[in-house]
Amino acid sequence: MFSWITDYSDLVTDNWQGYADGLWITVQLMVISTVAGFLLAIPLSLARVSSNPLFAWPAFAYSAAFRGTPLLVQIFLFYYGLPQFDAVRNSIFWPFLRDAVPCALVVLSFNLAAYFAEVLRGGIMAVPEGEKEAARSLGMTPALTYRRIIMPRAIGIMLPSLSNEVVQQLKGTALVSTITVLDMTGVARRLAAKSYTSEPLILAGILYIILTYLVSRLFKVFERHLNAYQIR
Amino acid sequence: MFDLHGYGEQLLLGVIVTLELAFVSLFFGVLFGILGASAKLSSSRALSVPVSIFTNLMRGVPEFVIILVSYFGLTNLLTSIAGSYVEIDPFVAGVFALSLVFSSYASENFRGAFLAVPKGQLEAARAYGMSRPQIFLRIHLPQAWRFALPSLNNQWQSLLKDTSLISVIGLEDLMRKAMIASQVTKNPFTFYVATAVVYFVLLAISVPLFRALEKRANRGVRRN
């Protein structure tokens, strides 16, 4: 009756090294793409709220394109689609886009930047008008106001939403297994195909649950730190 | 560049499969979302606690993993029951997985929406002598629907995008057709761009549709 327990413990003892390697790839993909996506999202969100259509429109188009298409299509478009052009194969980006892991990182970062930018745009608009006026009346230049007042406040206000996007991103990394990356899902798929069982995939699912839990806890700590003034 | 090498018709057939998958999953997703929300709001803790835990756990698992587990898991389960190898249809596994994902999120939305209906409305309905199913169908659900629609719109957008993942387990949807056409014609860029455009248009069309639904759901609300 409890044979499933031994099934799983055998699975863990036999393959823990594989899972650990996969987990490490997954965590790297998530962390690097989150940082890169965030750095891209800051100028994007500023362009999005700009009154100059020359900035606002391209940023809007970028967000719409990446949020309006499935991540899987984007991954395939970059990994299988771009090499169709000699110009891409001869460019300086080729050594980077040729391999699955860097290519996956590029797509994941571009994708997350679009979602982050939308969230940050909401945050920028949610900063109380009085705070912007106060900064201006203290003689801050617009650039300084954005750096010291608006962006930190926007990030603080939107931290719960940013946290959701990071969790979505973590789950999105599972798709890189379709372009041969051996992330946690890739490892589990390989084991499942070898043993004709679904236990390896279920085990991966459990590990993902733990990972999402840790990510959301981390953001809670972050939130308490960044929004310290709100805690009573 | 937009020469589809005669694969246009195949892509169109794929779009139909994609839409069928999305709509059937939406139907079951909404249905189980409402049932899940009712379970979460139930006064019986034996019902509300397990459902809450289950949907919370589901939301921590990648959609792709849920799809793979559904496909291989259901195949294994049916095989062990039947005693001989039974392969489950990718469409069925896809509907199962996508409606599971959809309802995990939707049950939380519906829970909030049910709670947002003023209590007086339900008391008034009871005072009129309506039975519990009547109260639910005539008063509670139509008003909760109004609060749930905006987040259902977001969930629908995710659902439509997630249908592309079912191609990996072999369903001949738009994405799968694009993969086949890319391999045959050696023009992957063309086909993946075309695919991206189709998904984009489908999502763009659903925005005014949801706006119309919201308008209809809110027809009883006074605007200032």
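## A two-chain predicted model, loop by loop

B:Lys186 sits in the loop between α7 (174–185) and α8 (188–217) of chain B. The helices here (H or I, at least four residues), like strands (E, at least two), are DSSP runs numbered from the N terminus. Since we're dealing with a predicted model, local features need pLDDT of at least 70 and side-chain atom pairs count only at pLDDT 80 or more, while totals for chains, interfaces and linings use all residues; side-chain values use heavy atoms, with hydrogens and water left out. Residues are numbered from 1 along each chain as its sequence is written, and chains are lettered from A and ligands numbered from 1 in the order in which they are written.

**Two loop residues with positive phi**

Most residues other than glycine have a negative phi. B:Lys186 isn't a glycine, yet its phi is positive, near 60°. Over in chain A, A:Tyr196 is another non-glycine with a positive phi, of about 55°, and its home is the loop between α9 and α10.

Are these two residues buried or exposed? The table has the answer, alongside two further residues of chain A. Buried means under 20% relative accessible area, exposed over 50%, and partly exposed in between (1.4 Å probe, protein chains only).

| Residue | Relative accessibility | Status |
|---|---|---|
| B:Lys186 | 62% | exposed |
| A:Tyr196 | 69% | exposed |
| A:Leu82 | 17% | buried |
| A:Gln169 | 3% | buried |

**Two buried residues**

A:Leu82 belongs to the loop between α3 and α4 (86–89) of chain A. Not counting residues up to four places away in sequence, A:Leu82 touches A:Leu77, A:Val88, A:Leu97 and B:Phe189, where contact means heavy atoms within 4.5 Å. A:Val187 is 105 residues from A:Leu82 in sequence, and their C-alphas are 26 Å apart.

A:Gln169, by contrast, is part of helix α8 of chain A. Setting aside residues up to four places away in sequence, it touches A:Ser33, A:Thr34, A:Leu108, A:Ser109, A:Asn111 and A:Leu112.

**The nonpolar core**

A nonpolar core is a set of buried Ala, Val, Leu, Ile, Met, Phe, Trp, Tyr and Cys residues joined through side-chain atoms within 4.5 Å. The largest one has 123 residues, and the members touching the most others are A:Tyr19, A:Phe76, A:Ile179, B:Phe110 and B:Met175. Helix α6 (residues 100–126) of chain A gives this core its largest share, 14 residues. What does B:Phe110 touch, leaving aside its neighbours within four places in sequence? The list is B:Val30, B:Gly33, B:Ile34, B:Ala37, B:Trp145, B:Ala148 and B:Leu152.

**Where the chains meet**

In chain A, 33 residues are in contact with 33 residues of chain B. The buried area between the chains is about 2,700 Å², with carbon and sulfur atoms giving 75%; this is the accessible area (1.4 Å probe) that two parts lose on being put together, summed over both. A:Val73, A:Gln84 and A:Lys171 supply 20% of what chain A buries against chain B, more than any other three residues.

A:Lys171 also forms a salt bridge with B:Glu63, with the closest N and O atoms 3.6 Å apart. The term covers a side-chain nitrogen of Lys or Arg within 4 Å of a carboxyl oxygen of Asp or Glu. The count between the two chains is one salt bridge.
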